[in-house]
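Biologist: Got a minute to walk me through this one? I'd like to go through it piece by piece.

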There are 2 protein chains.
Amino acid sequence: MGVNWVQTVKLAPPSLENNTADTDRLKAELKDRLHSDHIDIDISLQRTLPETLRRYDYGVHCVVFKDKNRWVLAGVSGVDSNDPMLGIAVDLGTTSVVTRLVDLVSGHVLGEGAFDNPQVIVGPDILTRIHYADRNGGLDYLNELVIDGLNRSINELCRKNECQTNHIYLCAVAGNTAMTHLFLKLPPRWIIREPYIPVVNYPGVICARDLGLEINPCGISYVFPNVGSYFGGDLIAGILFSGLAEKEDTAILVDVGTNAEVVLGNRNWLMACAGAAGPALEGGVTKMGMKAGPGVIDRVSISDEEGRFIIHSIGDQPPMGICGSGLIDLASELFLHGLIDIRGKFQRSSRFPDIEFVEKDGMLHLVVVPGRESATGDDLTIGQADIDSLVRSKAAMYTILETITSSVGIGMRELSDIFVAGTFGVFINPTSAVTIGMMPDLPIENYKPLGNSSLGGATTILQSMESMDQVSDIRDKITYMELNVNQDFMNRFSAAKFFPHTDRSLFPSVLTK
Amino acid sequence: MGVNWVQTVKLAPPSLENNTADTDRLKAELKDRLHSDHIDIDISLQRTLPETLRRYDYGVHCVVFKDKNRWVLAGVSGVDSNDPMLGIAVDLGTTSVVTRLVDLVSGHVLGEGAFDNPQVIVGPDILTRIHYADRNGGLDYLNELVIDGLNRSINELCRKNECQTNHIYLCAVAGNTAMTHLFLKLPPRWIIREPYIPVVNYPGVICARDLGLEINPCGISYVFPNVGSYFGGDLIAGILFSGLAEKEDTAILVDVGTNAEVVLGNRNWLMACAGAAGPALEGGVTKMGMKAGPGVIDRVSISDEEGRFIIHSIGDQPPMGICGSGLIDLASELFLHGLIDIRGKFQRSSRFPDIEFVEKDGMLHLVVVPGRESATGDDLTIGQADIDSLVRSKAAMYTILETITSSVGIGMRELSDIFVAGTFGVFINPTSAVTIGMMPDLPIENYKPLGNSSLGGATTILQSMESMDQVSDIRDKITYMELNVNQDFMNRFSAAKFFPHTDRSLFPSVLTK
């Protein structure tokens, strides 16, 4: 975990001979300790420093934080005081926001909170919000929504953990470029207009009170840097959390959120691409199934003996729909049991007389759950169009991975690890993803689900000093590759629109099933 | 005058190939320009930066400011805009505050304002205020008084000069240690308690909005560093203004304000002492005569022909009192004309039958202005006690100068210059000061009155970048000498209590008069 941000110092008390001022005395000690010539101590912290130093006989815990070559003192508390020194990690998502309370001394996570991004009332997608921010007062309102939401969440976390917001000194925020702009009340206008320029790449360290965050008034907020308008701090946090940039062997990180974002690399170099892959891939890899929640099918298999689907729904509730990971399982099982062909088209099979197909709106649908077992009482079906859409999605995903790896001359099967970020990564069954040819045919143990890697990275920053340098390093090492939807890309895409692929030799493990 | 703080930059406009964010683009240019790896741009400035850059086609004037190795961007304005870029220099005196509006591009002083320090309502002396600051809300109140006063003065200056407070980006403040603490709302409690520790020695650069200053919201305030509780930033500013620390030859700076402060040195070293010289010197060098103002006698001579005083009062008003410089002139003339002896005792002289002495309260008084010519109608007289007090004051002054020079083995007559700071320095007649033995017997042209050197230093900082490094250099070079009122000091003091001195060989020019 490395060295944490809390430094315990014992200063020599002042005397007539050694009469350096309180602030400068503490600075000198911290400079020595941190081997830095640059320590900032906020004026409001200086106002209470003399009292704190004298009350605790010049022995204090200092929360420090680093922003490139500049160190900032975020808080001071007496060595003999029992007040905790806390931090807040924030995953600032477009749809939902997750907060985590971290003990800065032990590095332990004390609690977690989550809430829907209140900006959803302006618009569910970030584009609507960016346009809204252009209106008179629009940016102020969007900023207020998210800051208020965060403050409520922080207060709630403190209440649950019996601590005070005053004991929170650091706040680490990872979000996409547009969301971090709204968080910082920076105009996002130019993010979506060619040549797509953010206001800032390295927001760095900002006094929390200047942002309206209800933590300690001298506390500071750190916002992860972005590489550009379409490659945000959330992904940088994810790379940090994965450890990708520390590894000798080349690995890949796949984050499927609102955009598909992919990072390839090792400790020497990082190559990234992100964003929707153009109109040819309408819907991209992102619109698979419904959002996970109670009653949503997340795992599906086919029982050869019973000749029917074995389904699992979240919370074991009566099923009401199917999410991305369920759909991938379903497609994989249908393919392996000959119920769809290599193009993804439904095939009736005499081996499975109990698996029903029905005609709806002139299109063939597969009955996954009959009406008598579903939550709604109606048959829960998947249409040919849903499978077609999945085919495009999985082909897009694979094509992106193939394009980025081939751009550096690496075969996908040479990758040491595939880190899969996001909720998607936790629920997805890698075997199924490989079977349908969405992900490369690597041993299952090479697939590493990361969960909320953005939150993970924000937590890591609060837990260790070293990670701060790693972030700068990651940010500066990334080569961003614009995904060019040219003929070559479209050829790869066409070849990937089969189960698992036109070139079956790429998927030896699927052949043997 | 050196390079000023306004940098004009023309950035390459962003493109798909060169898509660095606006803030980082500007930072990169400034880093290059300023040869620094550390440029801070406040979040609130970042909020308007995209608009400013695009409106002026990426050509902007930037007000930068330096605090040791850290640079801060204080303001940005389009190259084609006609908005001025201004700074405010402040002499933050215990009794009065003087402000000066400076054009940051040309370095010209545009106007000046002055007001009585509003904290006087709490107490005229700093000690009372320091005690008052300890009360509940006391510090807040004292801080509010001075900040409000400054804001009124700034608004007034802007009104007179037809500019907006929004165009003021820098504010440079020089004051004694206690006053700068009250300005920064730092508790001054420990300044007056052994071992006399300020909250901060190097306040450096602070966001003006955090101090409540009504200048540009992104503007910054610079407060001169102090050496300790009794050697403030006002004197550091004075040293800067005098140029003492840049000179090859050793010179001395004398600032007689509430305390007598003396700095000796050259470009290689600086030695300072300050403060009242203990109870033996009650009243010190500071209580000579009344405050200069209309009707106050500031110059006196004796006409040999007419056998009477020739007096000059400020504004040529009927005389109502005498100030320090008038008193020194008077004593010098009395001594040269045999009307006081070498101990300062009144001597009636037949040469001057028209110069009258009267008995008042059992003590001999000299009539300087007869009642028929005075403002009050009463005789304006000076008592033996006033002269005795002057003798102690001038002896104290001389002893301090002798002590500090002899501590480094330099004779006073080896000094290249004597810089005399403060109002005192402007009005005093150096010939008279030498005659009474208050100042060493150097050629008159070596006496350099500086006027308000604290304000001068604060102005210099706004006019040139180089001066910032000079301030750090001055601050770090100063050796502070505690004035030790020991037997040696008392011996020197006793010897100096004669006109001009027991050792008349020290004052050859007086002997020839």
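Biologist: How many salt bridges are there over all chains?

Modeller: The count comes to 52 over all chains. Keep in mind that this is a predicted model.

Biologist: OK, pick one. What does Asp469(A) meet in a salt bridge?

Modeller: Its partner is Lys66(A), with N to O at 3.0 Å. That pair links distant parts of the chain: Asp469(A) sits in helix α13 (residues 466-477) of chain A and Lys66(A) in strand β3 (residues 59-67) of chain A, 403 residues apart.

Biologist: And Lys66(A), buried or exposed?

Modeller: Lys66(A) counts as buried, because its relative accessibility is 14%. Asp469(A) is at 43% relative accessibility, so that end of the pair counts as partly exposed.

Biologist: What about a salt bridge for Asp40(B), which residue is on the other side?

Modeller: Arg70(A), with the closest N and O atoms 3.6 Å apart. Asp40(B) is in strand β2 of chain B and Arg70(A) is in strand β4 (residues 70-78) of chain A, so this salt bridge joins two chains. Both Asp40(B) and Arg70(A) are buried.

Biologist: Any other loop-type example? Where do Arg189(A) and Asp134(A) lie?

Modeller: Arg189(A) is in the loop between α5 (177-183) and β9 (204-207) of chain A, and Asp134(A) is in the loop between α3 (126-133) and α4 (138-160) of chain A, so the pair ties together parts 55 residues apart in sequence. Their side chains meet in a salt bridge at 2.5 Å, N to O. Arg189(A) has a relative accessible area of 29%, so it is partly exposed. Asp134(A) is partly exposed too, at 36% relative accessibility.

Biologist: Back to the pair across the chains. Which residues do salt bridges that share partners join into one network?

Modeller: Asp40(A), Arg70(A), Asp40(B) and Arg70(B) are joined into one network that way.

Biologist: Both chains show up there. How many degrees is the turn that lays chain B on chain A?

Modeller: It's a turn of 180 degrees with a shift of 0.0 Å along the axis, and the RMSD is 0.1 Å. That is the relation of a two-fold axis. Arg70(B) turns up here again: in chain B, its C-alpha is the one nearest the axis, 4.4 Å from it.

Biologist: Why do you say the copies meet through the same surface?

Modeller: Because 100% of the interface residues of chain B are also interface residues in chain A.

Biologist: Now strand β4 of chain B. How many of its residues are buried?

Modeller: In strand β4 (residues 70-78) of chain B, 9 of the 9 residues are buried, so the strand is largely enclosed by the rest of the structure.

Biologist: In what sense do β2(B) and β4(B) pair?

Modeller: Parallel: strand β2 (residues 39-41) of chain B pairs with β4(B) over 3 bridges. One pairing there has Asp40(B) with Val72(B) as its bridge partner. Strand β3 (residues 59-67) of chain B runs antiparallel to β4(B), and 8 bridges join the two. There, Asp67(B) has Arg70(B) as its bridge partner.

Biologist: And how many residues are between β3(B) and β4(B)?

Modeller: There are 2 residues between them, and the strands form a hairpin. Lys68(B), in the turn, has a positive phi of about 55 degrees.

Biologist: Changing topic: Asp329(A). Which side chain of opposite charge is nearest?

Modeller: Arg299(A), which is 5.7 Å away. Asp329(A) is buried yet has no salt bridge. Asp329(A) lies in helix α8 (residues 324-336) of chain A.

Biologist: What lies 3.2 Å from a polar atom of its side chain?

Modeller: The backbone nitrogen of Val300(A) does, for the side chain of Asp329(A). Leaving aside neighbours within four places in sequence, Asp329(A) is in contact with Asp298(A), Arg299(A), Val300(A), Asn429(A) and Ser432(A).

Biologist: Last one, Thr405(B): buried or exposed?

Modeller: Thr405(B) counts as buried, because its relative accessibility is 2%. Thr405(B) is in helix α9 (residues 384-407) of chain B. The backbone oxygen of Glu402(B) lies 3.1 Å from a polar atom of the Thr405(B) side chain.

Biologist: What does Thr405(B) touch, not counting residues up to four places away in sequence?

Modeller: Thr405(B) touches Ile252(B), Leu264(B), Ile410(B), Met412(B) and Leu415(B).

Methods
Residues are numbered from 1 along each chain as its sequence is written. Chains are lettered from A and ligands numbered from 1 in the order in which they are written. This is a predicted model: local features need pLDDT of at least 70, side-chain atom pairs count only at pLDDT 80 or more; totals for chains, interfaces and linings use all residues. Side-chain values use heavy atoms; hydrogens and water are left out. Copies are superposed by least squares on the C-alpha atoms of residues with pLDDT of at least 70 in both. Contact means heavy atoms within 4.5 Å. Buried means under 20% relative accessible area, exposed over 50%, partly exposed in between (1.4 Å probe, protein chains only). Helices (H or I, at least four residues) and strands (E, at least two) are DSSP runs, numbered from the N terminus. Two strands pair if DSSP finds at least two bridges between them. Lys and Arg count as positive and Asp and Glu as negative; His and the chain ends are not counted. A salt bridge is a side-chain nitrogen of Lys or Arg within 4 Å of a carboxyl oxygen of Asp or Glu. A polar contact is a pair of N or O atoms within 3.5 Å; within protein, one must be able to donate a hydrogen and the other to accept it, and residues adjacent in sequence count only if both atoms are side-chain atoms.
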